[in-house]
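The following paragraphs lead the reader through a protein model, from its interior to its surface. Please keep the sequence and the structure in view while reading.

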Amino acid sequence: EEDRLILANVLCQIFLKSSGNLNLDAEFNYILRATTGLMKDLRPIKGFTNMQVQAIHTLTNTLEPFKGFAAFVQNNSEEVLQNVNQLSVEPLPCWEGAETQDPITSALYKMIYVYTLRPDKVFGACRKFVGAVFGESFVEEEQLDLYSVTKNEIKPNTPILLSCV
C-alpha cells in the first residue's frame, strides 16, 4: 500500500503541475530533499528529539509559509508534543494562511507538518492529500473478488497465474 501511495503522490504532483493552478514546487522539493546537513547551535525544544529539532528548523528555513514554525513549536511545545504523539496526528494550523487555504494546499501542508514531526505517520497524511486531489475513492483499497473472476471471467481450460505485489 505504501508503494501505491508514493505513486499516487507523484501522480498528484504531475497533475497539479500540469493544471497550472497551484505552484507547489517548493513544497514537493521539501518533501523530496528535506534532509540537510546538521545545523549547529540549535536551541533544544523541550520534549523533542535532536532529529525533530533539526527538521523543525529545516522547514522554517525552507518554506515561506512555515517561517514562523520554529517559534510556534517553541512557544507551544506541550500542545504540539501532545498533538504529534496521538495515534492519528491531526496537524495544528501553524502556517501562514492556514485558515483561508484551498483543500489541496491545506492537505499538502498538513502532510509536510506530519512529515517534519512524525515521519513514521506520513502515509496517513499522504492518503488524505491524494484524496484531496483525486477524491477519496482514488485511495480506497479495491478488493478482488476471486470467486466472480473464476466463475465469470475465465474458462476452466484457461491457465491463470496469481501474483501478489
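A residue is called buried when its relative accessible area is under 20%, exposed when that area is over 50%, and partly exposed in between. The model examined here is a predicted one.

Helix α5 is a suitable place to apply these terms. Which residues of α5 are buried? They are Ser77, Val80, Leu81, Asn83 and Val84. These residues lie on the same side of α5, because they cover an arc of only 160° around the axis. The buried residues of α5 pack against α4 and α6. On the face turned away from this buried side, α5 carries the exposed residues Glu78 and Gln82. The helix thus shows the reader a buried side and, turned away from it, a face with exposed residues.

The view may now be widened to the interior. The largest nonpolar core has 42 residues. Within this core, the residues with the most contacts are Phe48, Phe69, Leu108, Ile112, Tyr113 and Phe129. Two or more residues of the core come from each of the elements α1, α2 (25–33), α3 (50–62), α4 (69–75), α5, α6 and α7. Which element gives the largest share of this core? It is α6, with 9 residues.

Tyr113 deserves a separate look. When neighbours within four places in sequence are left aside, Tyr113 is in contact with Phe69, Val80, Asn83, Val84, Val89, Pro91, Leu92, Cys94 and Trp95. Among these partners, Val80, Asn83 and Val84 belong to the buried residues of α5 described above. Phe69, another partner of Tyr113, is also one of the core residues with the most contacts.

Two threonine residues offer further examples of burial. Thr60 is found in helix α3 and is buried, with a relative accessible area of 14%. Apart from neighbours within four places in sequence, Thr60 is in contact with Phe66, Lys67, Phe69 and Ala70. Thr60 and Glu27 are 33 residues apart in sequence, and their C-alpha atoms are 12 Å apart in space. The second example, Thr105, has its place in helix α6. At 7% relative accessibility, Thr105 counts as buried. With neighbours within four places in sequence again left aside, Thr105 is in contact with Leu22 and Leu24.

Charged residues form the next topic. Side chains of opposite charge can pair when their charged atoms come close. How many salt bridges does the structure hold? There are 6 salt bridges in the structure. In one of them, Asp25 pairs with Lys17, and the closest N and O atoms are 3.2 Å apart. Asp25 is partly exposed, with a relative accessible area of 29%, whereas Lys17 counts as exposed at 55% relative accessibility.

Another salt bridge is formed by Glu90 and Lys128, whose closest N and O atoms are 3.5 Å apart. Glu90 lies in the loop between α5 (77–84) and α6 (103–117), while Lys128 lies in helix α7 (residues 122–134), so this pair ties together parts that are 38 residues apart in sequence. Glu90 is partly exposed, with a relative accessible area of 38%, and Lys128 also counts as partly exposed, at 45% relative accessibility.

The salt bridge between Arg118 and Asp120 has its closest N and O atoms 2.8 Å apart. Is Arg118 buried or exposed? At 17% relative accessibility, Arg118 counts as buried, whereas its partner Asp120 counts as exposed, at 55%. In addition, salt bridges that share partners join Glu64, Lys67 and Glu96 into one network. Lys67 has already been met as a contact of Thr60.

The surface also has a nonpolar part. Ile6, Leu7, Val10, Leu11, Ile14 and Phe138 make a nonpolar surface patch of about 520 Å². Helix α1 (residues 2–19) gives the most to this patch, with 5 residues. Leu11 lies in helix α1 and counts as partly exposed, at 36% relative accessibility. Ile6 is likewise found in helix α1, and is partly exposed, with a relative accessible area of 45%. The C-alpha atoms of Ile6 and Tyr113 are separated by 17 Å, and the two residues are 107 residues apart along the chain. Helix α1 accordingly appears in two settings: it gives residues to the nonpolar core and to the nonpolar surface patch.

Note on methods
Residues numbered from 1 in each chain as written. Predicted model: local features only at pLDDT ≥ 70, side-chain atom pairs only at ≥ 80, totals over all residues. Heavy atoms only, no water. Salt bridge = Lys/Arg side-chain N within 4 Å of Asp/Glu carboxyl O. Buried < 20%, exposed > 50% of the residue type's maximum accessible area, 1.4 Å probe, protein only. Helix = DSSP H or I, 4+ residues; strand = E, 2+ residues; numbered from the N terminus. Patch = residues over 30% accessible without salt bridge, like charges linked within 9 Å, V, L, I, M, F, W, Y side chains within 5 Å. Areas by Shrake-Rupley, 256 points an atom, 1.4 Å probe, with all protein chains shown as cover. Core = buried A, V, L, I, M, F, W, Y, C linked by side-chain atoms within 4.5 Å. Contact = heavy atoms within 4.5 Å. Arc of directions from axis to C-beta.
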